[in-house]
Amino acid sequence: MANPADKPDPNLTTPDEGEVREEELEDIEEEDDYEGEDDDDEATASKPQTREDAAASRANAQNLFRRMGVAPVPVRVHDVIVKGNEKTKDHVIEAEVEGVRQATTLQELLEAANVANFNLRALDIFDSVKITLDAGPPELPDTTNVVVKVVESQSPLAAEIVTSTKSQARSSTLEGSLKYKNIFGHGDIWDSSLAYGCDNSGEVGLGLYLPRLRGRPSPFTSRLYLSTQDWLKFSSYRERALGVSLGVLLSKNHELGYTLAWRNLIDPTQMASRTIRRQIGHSLVSDLKYTFKVDERNSSLRPTRGYSFVSTSQIGGLVPDSRTLRFLRQEIDLKYAVPLGFYRSALNFGVSGGITFPWGSGYKSRASSVSERFFLGGNISPVCSLGGPSALWGFKTRGLGPNEPRREAEDDKSGDAYERDFVGGDVAVTAFADLSFDFPLRWFRERGIHGHVFACAGNMAELSGNKYRYFTAPKFMETFRSSVGAGIVLPTSLFRMELNYCHIVKKQEHDRAKSGFFLTFSTPSS
Amino acid sequence: MEGDQDTSDFTLVTRKPCFGLPTACPNCLPAYIYLKLAQLPFQLAFNSTFPDSEELPYFESGTYVAYNNEDGGVIEKLEKDGIVNLDSQLQSLPDYLSLKALIVSWLDEALTYEIWVGTEGASASKIYYSDLPWVIGKVLFYKQTYLTKKRLGLTKENAEQREKLIYKRASEAYEALSTRLGEQKFLFEDRPSSLDAFFLSHMLFTIQVLPETSVLRHKLLEQSNLVRYAERLKSEFLEESSSSPSPPLHSFPSSFSGMGSKTKSKPKAEKSEEEKKFKKRARFFLAAQFLAVVIYVSVMGGVSSDEVEYEDDDY
């Protein structure tokens with residue numbers, strides 16, 4: 001017998017709702033016959049009924065359904081009964097099901113039950129979840145008990161491999177993790193993970209996820225990590241960090257995070273340019289990060305309608321020790337998609353910018369930390385990346401912006417073709433426009449393969465270390481880089497791949513950009 | 001290396017100044033003094049976030065960089081690359097190599113021992129870790145102390161013997177250098193060399209940075225002609241650019257004055273050893289006292305707790 005809780009989508013469509021409700025009413029009618037039995041977990045299972053009883057129940061159910069179609073049927077939830085949880089604490093489950101208590105009509109109750117079912121499955125610690133409605137005590141008419149039956153995962157250990165785009169690394173990452181679920185019964189998920197990025201970055205970490213922290217409806221994550229990012233090829237430094245990060249999802253749109261990390265920049269090749277040489281060493285990062293995110297696009301891999309807005313604010317050095325890294329950082333990203341009607345085509349616009357600056361004594365003359373600066377370019381698509389300026393078609397990873405000559409090589413043994421370090425910018429702006437369309441052939445349409453034509457522009461500049469004195473808006477506009485192109489987009493279940501031909505319209509001396517064919521990989525932005 | 005570099009481009013990057021020295025790091029000071037002896041104008045820049053780096057000090061000019069962990073050291077690299085060379089024609093002299101070995105191995109080892117073990121790192125925190133956050137500074141300090149002890153071959157069993165050997169060698173080196181120097185201005189002929197840079201750096205560090213209780217410092221101050229040599233070179237080459245001359249070496253509180261200090265310094269050295277022994281004994285005594293108190297309380301406490309329970313039962 002179907003239960004209201006079977007569909008994970010809380011937004012039911014009307015025909016489904018009708019079916020579900022009819023079956024629901026049958027449940028209610030049946031359970032009226034079994035009042036007072038506490039553990040009738042299979043109350044919805046059939047008990048022997050005579051044909052007359054069955055016919056009567058069906059008639060009653062249809063009457064009730066007709067009543068529901070006409071006007072709201074008042075009902076009150078008397079009690080929420082949780083069954084099947086041996087390890088999981090009752091309050092964890094009750095907290096996810098809380099919404100049903102506020103229901104005043106049967107329609108609201110069914111909807112709330114759907115949502116509760118979805119929430120419980122989203123905890124990822126149960127093998128199955130069933131919510132049924134039982135009749136309330138006989139002395140209280142028009143009441144119902146909500147029975148939540150869960151089956152906890154038999155094997156709490158789970159392994160998974162995912163691809164993602166880590167915002168720090170600005171490139172696609174492959175992550176393998178081992179998760180241990182619900183050790184303490186609070187819905188806690190412990191994981192150890194190993195991640196490897198396309199840019200030779202690696203991270204090993206231990207994490208903890210809690211769906212609720214001290215009763216508050218905010219998922220809490222904490223992570224202890226050891227990471228390495230290898231930028232030797234582009235900026236002549238390697239960054240190692242050992243740290244702990246905490247994050248709280250305050251609501252759907254607001255997230256707060258804190259990171260405390262010991263960061264070490266080294267240059268094993270000893271070929272770095274002057275700016276990077278001055279940055280080599282240890283630092284302690286203690287920063288608070290607030291993210292406001294709204295994503296109303298209909299898809300993150302191929303948006304054809306809607307908008308998204310992300311604003312990330314970071315402040316570092318909020319500890320009494322003035323020797324920790326002190327900086328301010330703000331990123332903004334706005335994207336908009338307009339459907340055009342033919343061949344499922346859409347016009348995507350996007351603009352994003354960011355600025356960072358040190359604070360504290362001597363902030364004007366102090367250079368910002370290269371780890372907090374902005375870098376543009378890489379093998380990700382601007383259409384998908386959410387949060388801050390990062391991607392530009394046609395420009396290689398860390399391929400544009402302020403750059404400096406490296407140390408002169410003593411001999412020509414170094415096979416490295418790059419002789420300059422890209423040191424990043426304190427202010428960066430990017431903008432793009434992308435027209436995507438389906439191909440006329442059905443074969444392509446069925447697989448989601450579509451084409452697109454695009455144009456993008458971006459620029460960066462240094463401000464810290466007294467370089468703001470040489471910054472002027474006209475010069476910044478004059479040195480804007482831009483490119484145009486067209487390509488094919490192949491969406492897969494793991495990522496979105498683009499094969500593009502880019503033509504560099506404008507670039508500056510030393511930029512690593514070339515007109516030609518490029519592949520980009522993007523994952524649904526995290 | 002082209003000789004037509006703009007001289008205003010020369011920069012020496014060292015660790016930060018402290019204790020009245022332009023750079024308080026004993027690895028960086030020789031390079032600074034060398035460039036001053038060569039009278040090469042240069043700018044000074046500081047790196048105070050990488051105390052465990054072997055690259056410092058490094059010399060840069062445009063895209064040319066001479067790191068300290070290449071070619072035997074930054075001074076050797078500058079000589080090899082033709083930027084500045086005070087040792088031309090000196091390297092062939094027989095004394096040169098043996099004196100260099102003496103300074104670079106025995107005296108260097110003695111100084112390293114004295115900074116990290118002899119004075120228990122009292123000055124090290126200020127020199128290396130004062131600009132790093134406390135947590136990082138502490139971890140790096142303990143790591144460096146451990147690595148230094150390992151490098152010097154110190155273990156609990158041989159610590160005392162190694163210490164005696166290190167100090168004995170330092171004494172012998174000082175005497176040899178004192179004899180070699182006499183009343184000359186420089187160690188070799190009448191011109192400065194890299195050995196003067198190394199030795200002057202060692203002397204300035206030992207006298208100005210190490211605390212008064214330092215054994216090495218006492219041994220050095222016994223050689224009066226060496227102290228005069230250091231003072232002379234310091235005032236002539238190192239105080240040219242500074243606005244206010246730093247106080248002369250002999251005005252330091254526990255200053256050396258003539259022969260009398262020879263007898264004074266000996267009892268002082270012995271006193272510091274006695275002090276160490278006394279402290280050790282005091283610690284053992286306190287530990288024994290504490291243990292006795294704990295035993296007393298636990299034994300007698302067992303008796304009294306029964307009484308307490310009995311009283312409780314009344315209520």
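# Exercises on a predicted two-chain model

Chain A falls into domain 1 (67-152) and domain 2 (232-408 + 418-522). The model is predicted, and the exercises below walk through parts of both chains.

**Exercise 1. Find how far apart the C-alpha centres of the two domains of chain A lie.**

Solution. Start with the bounds: domain 1 covers 67-152, and domain 2 is made of 232-408 + 418-522. Next, take the C-alpha centre of each domain; the separation between these centres is 45 Å.

**Exercise 2. Work out the strand order of the three-stranded open sheet in chain A, and name its edge strands.**

Solution. Step one is the order, which reads S1-S3-S2, with mixed pairing. Step two is to look for strands that pair on one side only: these are S1 (76-83) and S2 (126-135) of chain A. Step three concerns the twist, where neighbouring strands are turned by 20° against each other on average, direction ignored.

Now take a look at one pair within the sheet. S2(A) and S3 (residues 143-152) of chain A are antiparallel and share nine bridges. Within this pair, A:Leu133 sits opposite A:Val146 of S3(A). A:Leu133 is also among the members of a core of 29 residues, together with A:Val80, A:Ala112 and A:Ile125.

Finally, add the helix. H4 (residues 106-122) of chain A lies across S1, S2 and S3 of chain A, and runs at about 160° to S2(A).

**Exercise 3. Follow the strands S6, S7 and S8 of chain A and say how they run.**

Solution. Begin with S6 (residues 189-197) and S7 (residues 202-210) of chain A: eight bridges connect them, and they run antiparallel. A:Ala195 faces A:Glu203 in S7(A). Then move on to S8 (residues 220-230) of chain A, which is antiparallel to S7(A) and joined to S7(A) by nine bridges. Here A:Gly205 stands opposite A:Tyr225 in S8(A).

**Exercise 4. Describe the four-stranded open sheet of chain B.**

Solution. First write down the order, S2-S1-S3-S4 (chain B), and note that the pairing is mixed. The edges are S2 (43-46) and S4 (64-66) of chain B, each pairing on one side only. From one strand to the next, the twist averages 25°. For a closer look, choose S3 (residues 58-61) of chain B: three bridges link S3 to S4(B) in the antiparallel sense, with B:Glu60 opposite B:Val65.

**Exercise 5. Is B:Ala24 buried or exposed?**

Solution. Locate B:Ala24 in the loop between S1 (11-14) and H1 (29-37) of chain B. Its relative accessible area is 0%. Buried means under 20%, so B:Ala24 is buried. Leaving out residues up to four places away in sequence, B:Ala24 touches B:Lys16, B:Pro17, B:Cys18, B:Phe19, B:Ile127 and B:Phe205.

**Exercise 6. Explore the largest nonpolar core and one of its members.**

Solution. The core has 81 residues, and those touching the most other members are B:Ile33, B:Phe59, B:Leu78, B:Leu177, B:Leu187 and B:Phe199. Helix H3 (residues 94-118) of chain B gives the largest share, eleven residues. Now zoom in on B:Leu187: beyond four places away in sequence, the residues in contact with B:Leu187 include B:Ile103, B:Leu177, B:Phe199 and B:Tyr229.

To finish, turn to the record. An unreviewed UniProt entry annotates residues 170-233 of chain B as "domain: Metaxin glutathione S-transferase". Over residues 170-233 of chain B, the chain is 69% helix and 0% strand, with end C-alpha atoms 22 Å apart.

Conventions:
Residues are numbered from 1 along each chain as its sequence is written. Chains are lettered from A and ligands numbered from 1 in the order in which they are written. This is a predicted model: local features need pLDDT of at least 70, side-chain atom pairs count only at pLDDT 80 or more; totals for chains, interfaces and linings use all residues. Side-chain values use heavy atoms; hydrogens and water are left out. A nonpolar core is a set of buried Ala, Val, Leu, Ile, Met, Phe, Trp, Tyr and Cys residues joined through side-chain atoms within 4.5 Å. Buried means under 20% relative accessible area, exposed over 50%, partly exposed in between (1.4 Å probe, protein chains only). Helices (H or I, at least four residues) and strands (E, at least two) are DSSP runs, numbered from the N terminus. Contact means heavy atoms within 4.5 Å. Two strands pair if DSSP finds at least two bridges between them. Axes are lines fitted to C-alpha atoms, for helices over the stretch in contact, and angles run from 0 to 180 degrees between N-to-C directions. Domain bounds come from an automatic or database domain assignment. UniProt positions are given in the numbering used here, feature names are shortened, and annotations may be inferred rather than shown by experiment.
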